[in-house]
Amino acid sequence: MTIRVLIADDQVLVRTGFQMILDAQEDMEVVATAGNGAEAVEHARRLRPDVCLLDIRMPKLDGLEATRILAGPGVPDPMRVVIVTTFDLDEYVYGALRAGATGFLLKDSGPTLLIEAIRAAAAGDALVSPSVTVRLLEHLAHPRAGAARPLAEPLTERELDVVRLVARGRTNQEVAAELFVSLSTVKTHLGSIQAKLGARNRVEIAAWAWESGVVS
């Protein structure tokens with residue numbers, strides 16, 4: 001299956017470079033590029049790409065607001081957004097993930113990580129630059145009063161096992177191997193977990209786990 005990608009960045013050289021990298025992949029196709037956030041939202045709504053690659057600092061509409069419009073809370077059919085930025089700032093990382101992004105990369109992460117992040121997003125997984133992951137987890141590892149959402153229905157012990165592994169960055173295959181269950185069983189657990197938490201993706205599951213003290 002070909003992954004259809006939208007690239008939005010206010011720098012022509014960045015857009016061109018990303019497009020060359022992605023178009024060289026057999027399983028990817030750049031369906032549109034945009035030089036500002038408003039244009040990115042317009043293209044995304046019209047073309048429904050599999051993954052939207054957005055910069056943060058863009059004219060007319062920044063990447064965080066564009067992410068909220070395309071993938072944020074309350075969006076009925078959220079798209080998969082990966083933020084790619086030069087700015088390694090905590091407020092951007094947390095803002096992007098809270099806005100609904102399924103990935104956060106720095107522009108100096110390199111082509112390999114960029115490609116991995118897009119494939120992960122297309123598969124419903126999440127990828128965050130290694131350089132910000134440790135800091136992100138350290139921030140989330142200190143439970144804050146009232147930070148974790150209350151659950152109408154508690155997670156089962158097996159679901160908690162899955163949550164702990166997801167929060168530590170394990171893939172579905174790795175979760176299945178560590179728990180000695182099938183891949184389909186892991187996916188079933190994840191579906192139930194997302195429903196109980198009201199989470200839209202693995203990032204939100206991991207955030208809940210760290211904020212609630214399920215992992216430390």
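**Note on the second largest pocket, strand 4 and the largest cavity**

1. The second largest pocket has a lining of 19 residues, and those nearest its centre are R80, A123, G124, D125 and Q194. Two elements, helix 8 (172-179) and helix 9 (183-197), each give two or more residues to this lining. Helix 9 gives the most, with four residues. The model discussed here is a predicted one.

2. The space in the second largest pocket comes to about 420 Å³. Sorted by class, its lining consists of seven nonpolar, seven polar and five charged residues.

3. Where does the second largest pocket lie with respect to domain 1 and domain 2? Residues of domain 1 (3-138) and of domain 2 (146-212) both contribute to the lining, so the pocket lies between the two domains.

4. Strand 4 covers residues 81-85, and five of its five residues are buried; the strand is therefore largely enclosed by the rest of the structure. The side on which each residue points can be stated individually: V81, I83 and T85 point one way from the strand, while V82 and V84 point the other way. The residues of both sets are all buried.

5. Strand 4 pairs with strand 3 (residues 51-54) in the parallel sense, over three bridges. Within this pairing, C52 has V81 of strand 4 as its bridge partner. The connection also involves a helix: strand 3, helix 3 (residues 63-71) and strand 4 form a β-α-β unit that is right-handed.

6. Strand 4 also pairs with strand 5 (residues 103-106), again in the parallel sense. Four bridges make up this pairing, and in strand 5 the bridge partner of I83 is F104. I83 belongs to the set that points the one way from strand 4 together with V81 and T85.

7. As for enclosed space, the structure holds one cavity of 30 Å³ or more. The largest cavity contains about 30 Å³ of space. Its lining is made up of I7, A8, D9, F18, L53, L54, D55 and V84. Strand 1 (3-8) and strand 3 are the elements that give two or more residues to this lining.

8. Which classes of residue line the largest cavity? Six of the lining residues are nonpolar and two are charged, with no polar residue present. V84, one of the lining residues, is also a buried residue of strand 4 and points the way opposite to V81, I83 and T85.

Key. Residues numbered from 1 in each chain as written. Predicted model: local features only at pLDDT ≥ 70, side-chain atom pairs only at ≥ 80, totals over all residues. Heavy atoms only, no water. 1 Å grid on protein atoms, 1.4 Å probe; cavity = no way out; pocket = protein on both sides within 12 Å on 5 of 7 lines; lining within 4 Å. Points joined across faces, edges and corners; volume = space filled by probe spheres on them. Nonpolar A, V, L, I, M, F, W, Y, C, P; charged D, E, K, R; others polar. Domains from an automatic or database assignment. Buried < 20%, exposed > 50% of the residue type's maximum accessible area, 1.4 Å probe, protein only. Pairing = 2+ DSSP bridges. Right-handed = clockwise from strand over helix to strand, strands pointing away.
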